[in-house]
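Dear colleague,

I am passing on the structure we spoke of, together with some notes on what was found in it. Please look at it first and then read on.

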Amino acid sequence: MKTAQEYIESLRQLKTRVYMFGEKIDNWVDHPMIRPSINCVAMTYAVAEDPQYADLMTVTSSLTGHKINRFTHLHQSTEDLINKVKMQRLLGQKTASCFQRCVGMDSFNAVFSTTYEVDEKYGTHYHENFKKFLTYIQDEDLVVDGAMTDPKGDRSKAPHDQADPDMYVHVVERRPDGIVVCGAKCHQTGSVNSHWHIFMPTISMGEADKDWAVSFACPTDAEGMYMIYGRQSCDTRKLEEDASIDVGNAKFGGQEALVVLDHVFIPNEYIFLNGEYEFAGMMVERFAGYHRQSYGGCKVGVGDVVIGATALAAEYNGVEKASAVKDKLIEMTHLNETLYCCGIACSSQGFKTKAGNYQIDLLLANVCKQNVTRFPYEIVRLAEDVAGGLMVTMPSQKDFHSETVVGRNGETIGEICNKYFKTKEDVSTEDRQRVLRFLENMCLGAAAVGYRTESMHGAGSPQAQRIMIARQGNIQAKKQLAKDIAGIQ
Ligand code: SF4
Ligand code: FE
């Protein structure tokens, strides 16, 4: 297994093409806007090195018997599914942002089980292809981006009906030794920080969409592939001098990018679906199910940090004993633990797929994610309520350090800021700055990408879960229950 440092160094070996602010970024590994997101993925390696987390972070591979990082594992039991959620909560607690490696893990499990069923029907060799690929990923301990969300163009039209066929990733050429693909995937979590990508379809497809029903693995620095980096709220604070406190979380962050495939050649051995359109929906549903489960772990871990920071802010203001404050912290905890309950529940009710790995309970995973589209917003609302407006109105770190004289008696800007933002005797204004900027970062700054808007749209927007809840909810059977007891024939 790799160390965190080996992971970071391994990224330098890739020829990944990254663009930001209209320019190519050559040394993207050390770029101040990108590096926190790399540090965040590196934590999935660092925590795995820590003996106290060995049971959660490492497992025995079902493919090779080797010791591997759980982020590359095929879940072998409901206990594995539960441990996945616990691992994600732990990493959310350690990073207070999106650590990105779960999309790969979720794609491994969805593609593993789906390819088995495609081969069973068509005699294809996708499952063998995938097992070989995953064995390599596990043994090398690599990061893989699971890429699903196509740009989708005109949402009222199927892939083959789009004015521009590239609105969904598709095959443009079939050769004896492989396929050539074009298209793009939007808001891809951790794309730049991954060694490989697994591409999957994003919707169910019909026969006319055959060329769009395609799944494959591709190295991140493949010829013809590049990424345009997504910007985040307050991101350029990372480029400022003397702003490590203003940044809110100087250590870690998330990352999303637009990934473009411009005539990329995919050899046969890396193809996992190629025209078997009726399996596109199965792959989507399984991947989305796993990722909806994931949010019952990672968002809860970040929520733990939001709650902790809120309690600190209250303490620094001297209001921690107020019953209204205590009650708000109880409410935040209740909401956060409800999300965890959902993550654990859909895992404990998991079942074995035909291929042998474990799938979560789809209804409960969709309920989990539906709650995630709401509760973090309420948690953030309460955090802002308790923290107070200073979270967004406080002068900059540079002001707190400024020696420019402004006062009648020669007081500097720094002294004035420190005077008026002082609360309790034993609380430094710097600690107050730190906790409020940290909350700002998670509630509406760069990390809010992961905690707020991603809670809404990541792993599918709320309506996608409602469709699944409608499908899985079995209203017919519930009507029968009522009829039986009420005596209705
Ligand atoms: Fe993992 Fe959560 Fe980020 Fe998805 S949003 S990659 S589950 S940390
Ligand atoms: Fe996500």
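Four strands make up an open sheet of mixed pairing, and their order across it is β5-β8-β9-β12. The edges are taken by β5 (144–147) and β12 (271–274), each of which has a single partner strand, so one side of each is left without a neighbour in the sheet. On average, and with direction ignored, neighbouring strands of this sheet are turned by 20° against each other. Please bear in mind throughout that this is a predicted model.

Within the sheet, β9 (residues 214–219) is the strand I would look at with some care. It pairs with β12 in the antiparallel sense over three bridges, and in that pairing V214 stands opposite N274 of β12. With β8, strand β9 also runs antiparallel, and here four bridges join the two; I198 has A217 in β9 as its bridge partner. Five of the six residues of β9 are buried, so this strand is largely enclosed by the rest of the structure.

A helix also belongs to this picture, namely α6 (residues 126–140), which lies across β5, β8 (196–199), β9 and β12 and runs at about 150° to β12.

The other part I would point out is a pair of helices, α8 (residues 323–348) and α9 (residues 362–372), whose axes come within 8 Å and cross at roughly 165°. Because angles over 145 degrees count as roughly antiparallel, that crossing makes α8 roughly antiparallel to α9. The crossing of these two helices, α8 and α9, is left-handed.

Which residues of α8 and α9 meet? On the α8 side they are L339, C342, G343, A345 and C346, and on the α9 side L364, A365, C368, N371 and V372. Taken by class, the contact of α8 with α9 has eight nonpolar and two polar residues, and no charged ones.

With the structure open, you may wish to begin at β9, with β8 joined to it by four bridges and β12 by three, and then to turn to the contact between α8 and α9.

With best wishes

Technical notes:
Residues numbered from 1 in each chain as written. Chains lettered and ligands numbered in written order. Predicted model: local features only at pLDDT ≥ 70, side-chain atom pairs only at ≥ 80, totals over all residues. Heavy atoms only, no water. Axes fitted to C-alpha atoms, helices over the stretch in contact; angles between N-to-C directions. Parallel < 35°, antiparallel > 145°, perpendicular 65-115°, else oblique. Left-handed = near helix turned anticlockwise from the far one by under 90°. Contact = heavy atoms within 4.5 Å. Nonpolar A, V, L, I, M, F, W, Y, C, P; charged D, E, K, R; others polar. Pairing = 2+ DSSP bridges. Buried < 20%, exposed > 50% of the residue type's maximum accessible area, 1.4 Å probe, protein only.
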